[in-house]
Amino acid sequence: MIDYNKELKDTLEKIKQLNKKPKLLLHACCGPCLTYPLSLLLDYFEITISFYNPNIQPYSEYERRLFTAIKFIQQYAKDRNAEISFVLPKEDFSHYQEVMKGRENDKEGGINCLKCHAYRLFLNYHYAYTHHFDYFCSVMTVSSKKKSSEINEVAQKLEKMFPEVKYLYSDFKKENGQLKGILLARKYNLYRQNYCGCLVSLNERLSIASMHSLAKEA
Ligand code: SF4
């Protein structure tokens, strides 16, 4: 089994020896998941954050997560006295829905999530390729709900499609990465959502919440 955290550390060690920071496109799914990976990578790369997540529904929630991420980036850049760029590639919400058609009855963690990850990673990786980044990485491996191996394996295939952009392997949840992220999100007073993003995950969360309230009433 590949130790993706070790892969990351080895790459960072090599980058430290360079006299120039490579350009990294870092895909962020939301502000709280971005906190720890950004804090870790900022010393090594010239970073641009990309927020390309047409999976987030409803639109008010999408906006809330987007503004949370922007607020964090601005404040964090100030605090670290660093330059952090941000891009918002044009989302195509209806194309995402088309791609996910037929998976409406899946549960979180099934084939729907594999498709959803692959879709977002492809679009973000493609952006990195067309905009001549040296590296691409996604913060999604920080979440304990996501299998880092699945994300890294998809991205490994994309690296073969776009070999000019190296993929930065990661397993940000290792070494208490998720907890460090939660603490940073608290420090910056960030909104933290309680579902992954799509309506499947929202409905699952709502039905768990209603089961809990029924159990309390019983
Ligand atoms: S649960 Fe999350 S990863 Fe899975 S399909 Fe929904 S938004 Fe995508």
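Two strands are taken to pair if DSSP finds at least two bridges between them. On this basis, the predicted model contains an open sheet of five strands in the order 3-2-1-4-5, with parallel pairing. Strand 3 (85-87) and strand 5 (166-167) stand at the edges of the sheet. Each of these has a single partner strand, so one side of each is left without a neighbour in the sheet. Strands of a sheet pair through backbone hydrogen bonds, either parallel or antiparallel.

Strand 1 (residues 23-27) lies between strand 2 and strand 4 in the order 3-2-1-4-5. Four of the five residues of strand 1 are buried, and the strand is therefore described as mostly covered, where buried means under 20% relative accessible area. Strand 1 runs parallel to strand 2 (residues 46-50), and five bridges join the two. One of the residues involved is Lys 23, whose bridge partner in strand 2 is Glu 46. Between these two strands the chain passes through helix 2 (residues 31-41), forming a β-α-β crossover that is right-handed.

On the other pairing of strand 1, four bridges connect it in the parallel sense to strand 4 (residues 135-138). Within this pairing, Leu 26 has Cys 137 of strand 4 as its bridge partner, and Leu 25 stands opposite Phe 136, also in strand 4.

Helix 2, the helix of the crossover, also packs against helix 3 (residues 59-80). The angle between the two helices is about 25 degrees, and their axes are 9 Å apart. Because angles under 35 degrees count as roughly parallel, helix 2 is roughly parallel to helix 3. The crossing of helix 2 and helix 3 is right-handed. On the side of helix 2, the contact is made by Gly 31, Pro 32, Leu 34, Thr 35, Leu 38 and Ser 39. Helix 3 contributes Arg 65, Thr 68, Ala 69, Phe 72, Ile 73, Tyr 76 and Arg 80.

The loop between strand 2 and helix 3 holds Asn 55. The relative accessible area of Asn 55 is 3%, so this residue is buried. Apart from neighbours within four places in sequence, Asn 55 is in contact with Tyr 96, Cys 116, Arg 120, Gly 197 and Cys 198. Of these, Gly 197 is 142 residues away from Asn 55 in sequence, yet the two are 5.9 Å apart in space, C-alpha to C-alpha.

Methods. Residues are numbered from 1 along each chain as its sequence is written. This is a predicted model: local features need pLDDT of at least 70, side-chain atom pairs count only at pLDDT 80 or more; totals for chains, interfaces and linings use all residues. Side-chain values use heavy atoms; hydrogens and water are left out. Buried means under 20% relative accessible area, exposed over 50%, partly exposed in between (1.4 Å probe, protein chains only). A crossover is right-handed if, with the strands pointing away from the viewer, the path from the first strand over the helix to the second runs clockwise. Axes are lines fitted to C-alpha atoms, for helices over the stretch in contact, and angles run from 0 to 180 degrees between N-to-C directions. Angles under 35 degrees count as roughly parallel, over 145 as roughly antiparallel, 65 to 115 as roughly perpendicular and the rest as oblique. A crossing is left-handed if the near helix is turned anticlockwise from the far one by less than a right angle, and right-handed if clockwise. Contact means heavy atoms within 4.5 Å.
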